[in-house]
Amino acid sequence: MEETEQLQTSESQLASSILMDALQSIEDQKQRPTVIQQAINILNNLEYQANTFSIEEESTDNVVKDMKDDADTADNNDINDINSNISKLTFTAISTLHSLHMLVHRVHVSKYPKPSRKKKGSSGVVWKTLASLVDSTLGKENASIGSTVAVLAMGVVLSIVSFDDDTSITKMITSATILPNSDKGSDASKREEDTSTKEEAVNTNSSHLVARAVVLELLQQYTQSAKVNKTSSTTIDLSIVAKIESGFAVGRKCRYHDKELSQAVGDLLCNQVLGVSGNTDDSDVSTTTISKDILTPTLSLVSNIRPWQYQTMNISIEKLITIAGELDLWLSAELLCDAAIESVRLVVVPKQEETIAHLATGALVDCTLDYRLYRRADSFASKYYSWVGRERYAESRYLHALDTITKLVKKRQVPIIDKQIERVDSMVQKVSKDLPSATTTSGENQGKRIREDDIAIDTMSESIREFSIRKLRASNNHSAAARLAKLWDMEYNTDPLMMQAELQKRRETYLQWSDRGCPGELQPLPEVISEPSVLLDQYKLLIDDDKTVIGFDCEWADGISHVALLQLSSTTKTLLLDIPALTTTKEGCNALQSTVGRLFSHSSGVHVIGFGCKDDIKRMRASPCVNDNHWFPQQKDLHIKDLRILIAEHSDGSQMKHFGLSRACEFFLGKQLDKAEQCSDWLARPLSPEQREYASLDAWACAKIYTVLQQKLNRL
């Protein structure tokens, strides 16, 4: 109990200190005591209403008016004692918030007395009650600098003081008191564009300055506490700080001339997200230590305040987008892109210069493509077409169509395939029309994609049709395939000789398991391993003969966060691991830990090679495990190399760094990879021979290309 009281005292002192510093921004010193007393009166008013609120009443107007009259006549004998009044303001805010918490409980229990029904539908009723009560006291009719300080006092207390209660109630109270672009005194300028009196203009400016000072103080205190003592008992809720910033439009009003606030956000960003001491280089950042509770409000603050406006701030927006994507914070990433675009549109940029908007939007689309979120990638690429360029837009639309058609064929919803073909045709027409200019807002280099696909844009319409026919034929839906072929003016051959000729043409174009130099010369197409004993035996064969290079790749399905299939391959042998089956038993998890776990750790002594493998690692770590210790190593023990990065570092030409695995295969091995099975159902069992060949070649290609690359480097 004594420890709790000391903590609460420490928290209230910190809140008072922050409010004291923030109120210094009111230029008229004589006005400060009056404003503080006004805020105290308003909080007393709100507390009174919360304590005396009758749940049966339809309206609180009479209660508000009576109490407001009494509050205006409060004793002001000590009005000039600033320290005393700041402390009183803090404790009044704490008391008021406790009363609001109790009100929520009373409404909750009154409306839903039975425990089994307590949570069902209660939040709407409670929110309506809470919001109407707060709005009647702090709404636009009562807007003033005093109401601004009252709201900010509650915001500071909510961000610092711990309430022994359900966190959902605290979030509800925060949302009720600090609404985005609220109608409280902070946003009087937005509510009344034509300020009629000098006094109102001064109050509006003072409200903004106090809100800005509160946000700045909270951010600086948060960063300082994190630097000095990461286990400090006094913590600041960053989500509430972001609510205050958004609710009072702090960033919107000062983002282009407030270097101090930008510096505070930059420090927060560098220390909490991009690494200690501003580590914003391109090295990998593990998201395992970054909490969504920290990242979400941080990204909100970055989007609104935009610290990249100052060139002294080394902010890597691409890395921010990537980290947001890794934690599935796509809305936050999208808002960052919107903010970057708005920033660029407000300044004159040289035509050939790649701007922060190009970097942000390009990273967003690339991230969704890496994670095979093709529908989302298509949506983002369409929205940001003039920034990401025609190549990213085309790739996103094409892969989305492949993915959708695969699902439609499986569900036998053939008529909808036509719509996907039309969308690809529309994309090709748009891109062809814009061909002379990749983007309407950038120079000729901004339209370039980060990686190239194996299909040229002008052949995508033909390719998507061939893919559809091939999928329908494989599913024995010959009537639908023949109908679409006739509609598209294509030949549909059911003659075995003609079908064999088509197959031979694809074999000559794409890498095959049985090609010379491929593993098919030494082993048959591997089966999927789902038994622990088979895994242990086959793994010994994989690493025999002093194998020092193992390539890997993963496949997964929509709607799951874990791996459906893990492929491991040397240049002569390949394994396909059924992760869902192996992880259902302790024996399977033990087998994975002693094979895959050891292989990917520093102790293996083997070069483990992936290609753009960050999401593969994330999904393996998210895969199930029935043991206490996960079979996949932690980030600190991980030992892998990314072939995409290695190729970029040692590329002879600028385009090499943009290659995907398929084009890298063509460059190093002479043939492209056939990506037709990429969007297939990887949870299906058994996998088709085409799926097993595709999966095997993906992992084998990583090992083979790495070996060829090392041989080239050794000859230099």
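# Briefing: charged pairs, aromatic pairs and two helices

Arg392 comes out as buried, because its relative accessibility is 5%, under the 20% cut-off. That's a handy way into this predicted model, since its salt-bridge partner, Asp366, is buried too, also with a relative accessible area of 5%. Salt bridges come to 23 in total, and a search of the whole structure turns up seven aromatic pairs. Here's a tour of some of them, plus a strand residue and a couple of helices.

**Salt bridges**

- Side chains of opposite charge can pair when their charged atoms come close.
- Arg392 and Asp366 form a salt bridge in which the closest N and O atoms are 3.0 Å apart. This one links distant parts of the chain: Arg392 sits in helix H19 (residues 390-411) and Asp366 in helix H16 (residues 356-370), with their positions 26 residues apart.
- Asp578 and Arg685 also meet through their side chains, at 2.9 Å from N to O. Here both ends are in loops: Asp578 is between strand S4 (574-577) and helix H25 (579-582), while Arg685 is between helix H29 (661-669) and helix H30 (689-715), and the two are 107 residues apart.
- How does burial look at each end of that pair? Asp578 counts as buried because its relative accessibility is 7%, whereas Arg685, at 34%, counts as partly exposed.
- Asp615 and Arg619 make a salt bridge with an N to O distance of 2.9 Å. They're four residues apart in helix H27 (residues 614-621), so about one helical turn separates them. Both Asp615 and Arg619 are buried.
- Arg212, Asp258 and Glu260 end up in one network, joined by salt bridges that share partners.

**Aromatic pairs**

- A pair of aromatic rings is described by the distance of the centres and the angle of the planes.
- Among the seven pairs found, Trp330 and Tyr371 are edge-to-face, at 6.1 Å centre to centre with 70 degrees between the planes. Trp330 belongs to helix H15 (residues 330-345) and Tyr371 to the loop between H16 and helix H17 (374-383), so the pair ties together parts 41 residues apart in sequence. Trp330 and Tyr371 are both buried.
- Phe552 and Phe600 have ring centres 4.9 Å apart and planes at 75 degrees, so this pair is edge-to-face. Phe552 is in strand S2, and Phe600 is in the loop between helix H26 (586-599) and strand S5 (607-610), so parts 48 residues apart in sequence get tied together.
- Is Phe552 buried or exposed? Phe552 is buried, with a relative accessible area of 0%, and Phe600 counts as buried at 0% relative accessibility.
- Phe552 and Phe600 are joined by Trp631 and Phe632 in one aromatic cluster.

**Charges over rings**

- Tyr371 turns up again here: Lys618 lies over the face of its ring, at 5.4 Å from the ring centre.
- Arg372 lies over the face of Trp556, and its distance from the ring centre is 4.2 Å.

**Glu555 and its contacts**

- Glu555 is placed in strand S2 (residues 549-555), and it is buried with a relative accessible area of 0%.
- What does Glu555 touch? Leaving aside residues up to four places away in sequence, its contacts are Arg372, Val563, Ala564, Leu565, Gln567, Trp682, Tyr694 and Asp698.

**Two helices**

- Does the span of H21 agree or disagree with what its residue count predicts? Helix H21 (residues 460-474) has 15 residues and should span 21 Å at 1.5 Å a residue; its end C-alpha atoms are 21 Å apart, so the two agree.
- H21 is mostly covered, with 11 of its 15 residues buried. Among them are the hydrophobic-looking names you'd scan for, Met460, Ile464, Phe467, Ile469 and Leu472, but also Arg465, Lys471 and Arg473.
- Just after H21, Asn476 takes a positive phi of about 65 degrees.
- Helix H12 (residues 259-272) has 14 residues and reaches 20 Å from its first C-alpha to its last, close to the 20 Å expected at 1.5 Å a residue.
- Buried residues in H12 include Leu261, Ala264, Val265, Leu268 and Leu269, along with Ser262, Gly266, Cys270 and Asn271.

Methods: Residues numbered from 1 in each chain as written. Predicted model: local features only at pLDDT ≥ 70, side-chain atom pairs only at ≥ 80, totals over all residues. Heavy atoms only, no water. Expected span 1.5 Å × (residues − 1). Buried < 20%, exposed > 50% of the residue type's maximum accessible area, 1.4 Å probe, protein only. Salt bridge = Lys/Arg side-chain N within 4 Å of Asp/Glu carboxyl O. Contact = heavy atoms within 4.5 Å. Phe/Tyr/Trp six-rings, centres within 6.5 Å; stacked < 30°, edge-to-face > 60°. Lys NZ or Arg CZ within 6 Å of the ring centre and 35° of its normal.
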